[in-house]
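Work through these exercises with the model open beside you. Try each task before you read its solution.

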Amino acid sequence: MNPLATLAVPASMSAPRSIPGRTWRRGAMLVLMVLLGHLWLADQTLHDQLGAGAANSSPRRIEVSFVRELKQQQPATLAPPLAAQRAPRAALAPAPAASAPLPEVLPVPELAQLLPPARSTEVATAVAEAEAAPTTAAAAVPAASEAAAATTANVPAFEWPPSTRLSYQLTGYYRGAVEGQAQVEWLRNAGRYQVHLDVSLGPSFAPLMSRRMSSDGELTAAGLRPRRYDELTRVAMRAPRTATIYFDDERVRLPAGTELALPVGVQDTASQFVQMTWLFTTRPELLEVGRTITIPLALPRRVDTWLYDVVARETLQTAVGPVDTLHVKPRREVGSGTELTAEMWVAPTLQYLPVRILIRQDRETYVDLLLERLPQQAGDAASAAPARR
């Protein structure tokens, strides 16, 4: 049955003058209530089609005050993991298994008799040193441990950067050359984080198109753990489109309602930028040209593993001056527009933050973001607190 058929007005109402006023008003009120009910159901259905949970209110925004600019400086050396601080295993002589036969070794005098006189003294000395080696190595282990502890005692451990805002100049192509604005906000409060990526094409007071990508989740020892991703797209003269992805401990729920197993370390479109910052800060060896970073991504249509290659060292000319960066590029061809690909240029002197981000929708549609001012940071991240929605 067509639900709109219930909105048809009874024939008896076509001549309201023949019906008492009070009765007519009651009938009109009933029709209005039915109409409002159908509009509400249609609105809920539309939101469900656009994205599971899109009708729900977004998470409360973490409110912070940005009070200082981040200046360029060389990255600090972080303390290595505890496993790396231990003495190398090679310093410990493994004990032979009880069932394994002991190797047959010639005594020093007999071995010396098999060699010319000039070499016998050298062999005897070498064998004597070899016999003393286990004792020396065993004595060196505590010293190595103490040296490692002394070396890392004053080296800071990793700490999440304070809340940060990055502002970008935007150029690109969307049905013609476009300009616009973009910003990335990294917000944190205690063990919670948010990442907001805002892109708008056209003048700021009347953008032709805008998109906000937001990630909300938790800070863990293994990096970011998203709990929810929201995407809102607005195009002039069209209704907004939304999509929401939910993450629980074991499953990912995509906008269409599909549920998939949760990959270890999975990120979303917005959180991947900060997750890379965490990776490069804690594992700077990944920033060597030729290295590859693997990140599972939950996208609005599917969950997939993405590979990012460190392809080159480049110095970018920005509005804040030259910045040394490393170019990180996804190992994936630009598609037909169903998935966005993002390559980035990260700056070790700016806490491994992305100085440039190139986002492609297809072979012709893209936006290119270039840092337009030094990043702004909060003075004390611990003072941030949830505020308005």
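**Exercise 1. State how many cavities of 30 Å³ or more the structure holds, and give the volume of the largest cavity.**

Solution. This is a predicted model. Step one: count the cavities. The structure holds three of 30 Å³ or more. Step two: take the largest cavity. Its volume is about 190 Å³.

**Exercise 2. Describe the lining of the largest cavity by residue, by strand and by class.**

Solution. Start with the residues. The lining has 14 of them. Met209, Arg211, Ile359, Gln361 and Val367 lie nearest the centre of the cavity.

Next, turn to the strands. At least two lining residues each come from β5 (192-201), β6 (209-220), β15 (353-360) and β16 (366-371). The largest share is that of β6, with three residues.

Last, sort by class. Ten lining residues are nonpolar, two are polar and two are charged.

**Exercise 3. Do the same for the second largest cavity, and give its volume.**

Solution. Volume comes first: the second largest cavity has about 100 Å³.

Now list the lining. It consists of Pro161, Leu166, Val184, Trp186, Phe273, Val274, Thr277, Leu353, Pro354 and Ile357.

Then assign elements. β4 (177-189), α5 (271-282) and β15 each give at least two of the lining residues.

Finish with the classes. Nine residues are nonpolar and one is polar. None is charged.

**Exercise 4. Check the span of α5 against the expected value, then decide whether the helix is mostly covered or uncovered.**

Solution. Step one: length. α5 has twelve residues. From first C-alpha to last, α5 reaches 17 Å. The expected span at 1.5 Å a residue is 16 Å, and the helix comes close to that.

Step two: burial. The cut-off is under 20% relative accessible area. Eleven of the twelve residues in α5 are buried, and the helix is mostly covered.

Step three: link back to the cavity. Phe273, Val274 and Thr277 are among the buried residues of α5. The lining of the second largest cavity includes Phe273, Val274 and Thr277 too.

**Exercise 5. Locate threonine 365, classify it as buried or exposed, and name the residues it touches.**

Solution. First, place the residue. Threonine 365 sits in the loop between β15 and β16. Both of these strands supply at least two residues to the lining of the largest cavity.

Second, apply the cut-off. Threonine 365 has a relative accessible area of 16%, so it counts as buried.

Third, name the contacts. Leaving out residues up to four places away in sequence, threonine 365 touches Tyr173, Tyr174 and Arg360.

Terms used: Residues numbered from 1 in each chain as written. Predicted model: local features only at pLDDT ≥ 70, side-chain atom pairs only at ≥ 80, totals over all residues. Heavy atoms only, no water. 1 Å grid on protein atoms, 1.4 Å probe; cavity = no way out; pocket = protein on both sides within 12 Å on 5 of 7 lines; lining within 4 Å. Points joined across faces, edges and corners; volume = space filled by probe spheres on them. Helix = DSSP H or I, 4+ residues; strand = E, 2+ residues; numbered from the N terminus. Nonpolar A, V, L, I, M, F, W, Y, C, P; charged D, E, K, R; others polar. Buried < 20%, exposed > 50% of the residue type's maximum accessible area, 1.4 Å probe, protein only. Contact = heavy atoms within 4.5 Å. Expected span 1.5 Å × (residues − 1).
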